[in-house]
Amino acid sequence: MPSMATGDRRNFNPNSNGTNKHPQFGPKLLNGDQKSDSFARRQKIEQQRRSLPIASVEKRLVEEVRKNDILIIVGETGSGKTTQLPQYLFNGGFCRDGGTIGITQPRRVAAVTVAKRVAEECGVELGQKVGYSIRFEDMTSASTRIKYMTDGLLLREALLDPYLSRYSVIVVDEAHERTVQTDVLLGLLKDVQKKRSQKTLSESNNNGTLVKEENNGEGEGSSVSVVKPQLVRKLNPLKLIIMSASLDARGFSEYFGGAKAVHVQGRQFPVDILYTTQPETDCLDAALVTIFQIHLEEGPGDILVFLSGQEEIESIEGLVRENLKKLPEANQKVLILPLFSSLPSEKQMKVFAAAPVGFRKVILATNIAETSVTIPGIKYVIDPGLVKVRSYSPDSGIESLIVVKTSKAQALQRSGRAGREGAGKCFRLYPESRFEGLDDSTIPEIKRCNLSNVILQLSALGVDDILGFDFMEKPDRMAVIRSLELLYLLGALTDEKKLSDPIGHQMARLPLEPNDSKALILASQFDCLEEMLIVVAMLSVESIFYAPRDKLEESRTVIKSFSSPEGDHITLLNVYRASLEFLEKNKMENSKEKAEKNLRKWCKDNFINSRSLKHARDIYIQIRENVERMGLKISSCGDDMVPLRRCLAAAYFLNAALKQPDGTYRVLANGQIAEIHPTSVLRRAKSECIIFYNLVQTTRNYVRNVTRIDYLWLAELAPQCYALKD
DNA sequence: GAGCACTGC
C-alpha cells in the first residue's frame, strides 16, 4: 500500500457540465416527531409547505387529476410530491363521498415517517384524518382519508376487497424502483380501474337499477363473479397516479395507454461529478486512495462510500485504520463507520450521530444508504460503480448474489446523496466513457426472482392466466412455468391451474412463501403446529446470529449451546424457546420495558441479532393469528421432534438431498450438487438424507438451514415425487 | 471450515 501522504492520487476529471444538477430519487425521510404545536411552529410549517417546488403547481395538478383518470408525475427529490399531493387532492374534494386517498411506498419506514409529517402539517392526530398502515402496525381509523401504506399491504387488501372500493385515488409512489410488489400492483390497479369504470358506466346506463357483474369476455382471466348489488352502486371511478423519479416517464405512460405525464421540479444542491481518467483494476485500493485524497485535500464534510457487501466493508475498514496511523496526528481525526443491514441497530445508529468537532465521518455502506436511509452531513460520495444483486435460476432453483455494474439511474441516485444539504462532490471510480455504457435503469426485480408467491397471490385475485397477465414487464416464461409446477406439486393449484380449495386459498392468505405456508397447514395434521409456527417465523428472518469478527471463537461456543443434532430447524426452535423463557422469567420481576431491555442484553451475550429476533416474534404472532382464524388445530409435539422432522420432509420434499460418497449432497429433484453451509450444525454430521430451506451459490453451492430426515419418509409423504425402487 | 445487497406480506 503506497503511503497516502506522498501524493499517490487518483486523477479525476470534472464532468463537462461542471456543476451538474442531477435528479435524486428515493423517499424523503422527514422528521415528524416534533412535539411543539405552538403557533410559531405551525407558521413555520406553512411557510415550508409554501416554499416547496410543487406548491406553485398545486392548482394545475388538481386540475390534471380531475381531467385524467391516470396521471404520471415525475418528481425529483425535494419536490414535496409525496407529502403535498395527497393534501392537495384532499382539499380538491377527492375525498367527498367518503373516499380515501391511498399512497403506497416500497418501504415501511417511508410510509411511517411521511404519514407523521403530513399529520403534523394538517394539524391532526396521527391515525385520524391522516394515517398509515404497514405490516404489524395499523395507524388508521374509520375517519382516515389520507392513508400511507406499503405496496405489499395494498396487494393484501385487494385479496379482501377486489375493487379496492374504499379508495377514490391511489397514488403509487417510487414506482421507478420497480419492486415485484409495485409491478404486480400496477397490473392489478389497471385492471381494477377498468372494472370500476365499467361498473359506473353500466350503472348510469341502467339508470340506477342494480347491475350484476358480467364477464365481458375480453380475454382477461381476472373476474370476480359475485358482487353485492349495494357495492356496485357506490363504486366511483378510481383515479390512479403513478409517481416516479426516473429520467423519463415514457415506460409508465406507454403501459397506461399513453397517459399524461407531468414534471415537477426538485430541489437539490449541485453535485460535481468526477470520473477517473483510467479504468481502475483494484476497486478497494481506488476507494481507499480516494478516501484519503478527499480527507487531506478537500474541505470539511462527511464521506459516504458505496461498497458491495459486509466483507468488503470490513476489509476496507481495517485498511483505512492502518493507513490513518501513518498520518500526522492532526490528520487522524476520522470516524470510520460501517453500515449494512445485518449490523445490529445500535451500531447502525452511530452513522446518524454528528461527528465530534473537528472529526470527519467516513461511512462505509452497502446499498442501504442508496434509498433506505438518509444520512445527514454527507458532502462527498465515492461510488465504485458496483452493486451486489440477487439472481435466480428457475431451472436449478439456485439463488446467487453476484456483483454487477450499477445502472445510470443508480449512479445518479448515489451521487445525489452528496447534495442533500449543500453543494457536494461525487467521485466515480471509473472513466466517464464507462458511464455512457451503463444500462439506463436496473432490471426490474420481477425478471430475476422466484415467482411462486406472485403467482399464488394473483391466483387468489382471480388471475388464472399468469402468462397473459398485463405486466409492465413480462417475467421469464420458464420462470412462470417452474413456479406453476411448484405450486401444483404443493397442492395449491388444481390441474386447471385454479387455486385449490381449501389448501390453495389457505396458502394465499398466509403472509409467507408458499413452501412455508404449506408447512404450517401440514403441521396441524402432524400435531406440531406450535413448533412449526416458530420454525417458519425464524426461517423468515435473515441472520439470527451475529458474530463480530473479533469474537468469532467465543460466539461459536455460545451458539453451540443452542444446537440440536437433528439440524438447524430445531436449533432455531431452541433459540426462540430460550429467548421466550428468558423473557417470561424477566417479566415476572421487571417492568415490560426493563424485561425487553434485558432481552436485548441477553441477545448480545448470545450473539443473537435482537432486531431479527423481534421480527421473528412479530411474524410468529401474526401467523399464529392467521392459522387460528383458519381453524387449524394448534398442538405441540412436546419433546418428540420426529413429527416436526417428518412434517418438514412432507412440506419441503423438493428440497431433499442425499449424501454422496465424496461427502457432498445431491438434490434429488434436479440433480444439483451442493455442500452443507459451514454455519449449519450438520456441517460435520454427514447425515445420509437431509432437507434444506434454501440453496445458495456463493463460492460454491451451499444448502442452508438443514435437517436430518429418513430417506423412507419421502416416498411415504411425497409420493407425487418419490417412489421406492425395489 | 465460509462469509449473506435491499425490500415486503
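**Note on the predicted model: helix packing, DNA surface and local backbone**

1. Helix α18 (residues 529-539) packs against helix α20 (residues 568-589) at an angle of about 95 degrees, and their axes are 9 Å apart. Because angles of 65 to 115 degrees count as roughly perpendicular, α18 is described as roughly perpendicular to α20. On the α18 side the contact is made by E531, I534, V535, M538 and L539, and on the α20 side by H569, L572, L573 and Y576. Sorted by class, this contact has seven nonpolar residues, one polar and one charged. The structure is a predicted model, and this applies to every point below.

2. A second helix pair lies earlier in the numbering: α2 (residues 58-67) and α3 (residues 81-91). Their axes come within 10 Å and cross at roughly 70 degrees. That angle makes α2 roughly perpendicular to α3. The crossing of the two helices is right-handed. From α2, the residues E58, L61, V62 and V65 meet L85, Y88 and L89 of α3. The contact of α2 with α3 has six nonpolar residues, one charged and no polar ones.

3. Which residues of the model are closest to DNA strand B? They are R108, R135, G309, S341 and T699, out of 36 residues that surround the strand. Four elements give two or more residues to the surface near DNA strand B: the helices α4 (108-122), α5 (151-160) and α10 (310-325), and the strand β15 (386-393). By class, the surface near DNA strand B has 16 polar, twelve nonpolar and eight charged residues.

4. An unreviewed UniProt entry places the feature "domain: Helicase C-terminal" at residues 290-462. In the model, the chain over residues 290-462 is 30% helix and 25% strand. The C-alpha atoms at the two ends of that stretch are 54 Å apart.

5. Two local backbone features can be checked by eye. A cis peptide bond joins D501 and P502, with omega at about 5 degrees. P502 lies in the loop between α15 (477-489) and α16 (503-509).

6. The other backbone feature is at D97, where phi is near 70 degrees. This is a positive value in a residue other than glycine. D97 is placed in the loop between α3 and β3 (100-105); helix α3 is also the partner of α2 in the crossing at roughly 70 degrees.

Definitions and conventions:
Residues are numbered from 1 along each chain as its sequence is written. Chains are lettered from A and ligands numbered from 1 in the order in which they are written. This is a predicted model: local features need pLDDT of at least 70, side-chain atom pairs count only at pLDDT 80 or more; totals for chains, interfaces and linings use all residues. Axes are lines fitted to C-alpha atoms, for helices over the stretch in contact, and angles run from 0 to 180 degrees between N-to-C directions. Angles under 35 degrees count as roughly parallel, over 145 as roughly antiparallel, 65 to 115 as roughly perpendicular and the rest as oblique. A crossing is left-handed if the near helix is turned anticlockwise from the far one by less than a right angle, and right-handed if clockwise. Two residues are in contact if their C-beta atoms, placed from the backbone, lie within 7 Å. Ala, Val, Leu, Ile, Met, Phe, Trp, Tyr, Cys and Pro count as nonpolar, Asp, Glu, Lys and Arg as charged, and the others, Gly among them, as polar. A residue is near a molecule or strand if its C-beta atom, placed from the backbone, lies within 6 Å of it. UniProt positions are given in the numbering used here, feature names are shortened, and annotations may be inferred rather than shown by experiment.
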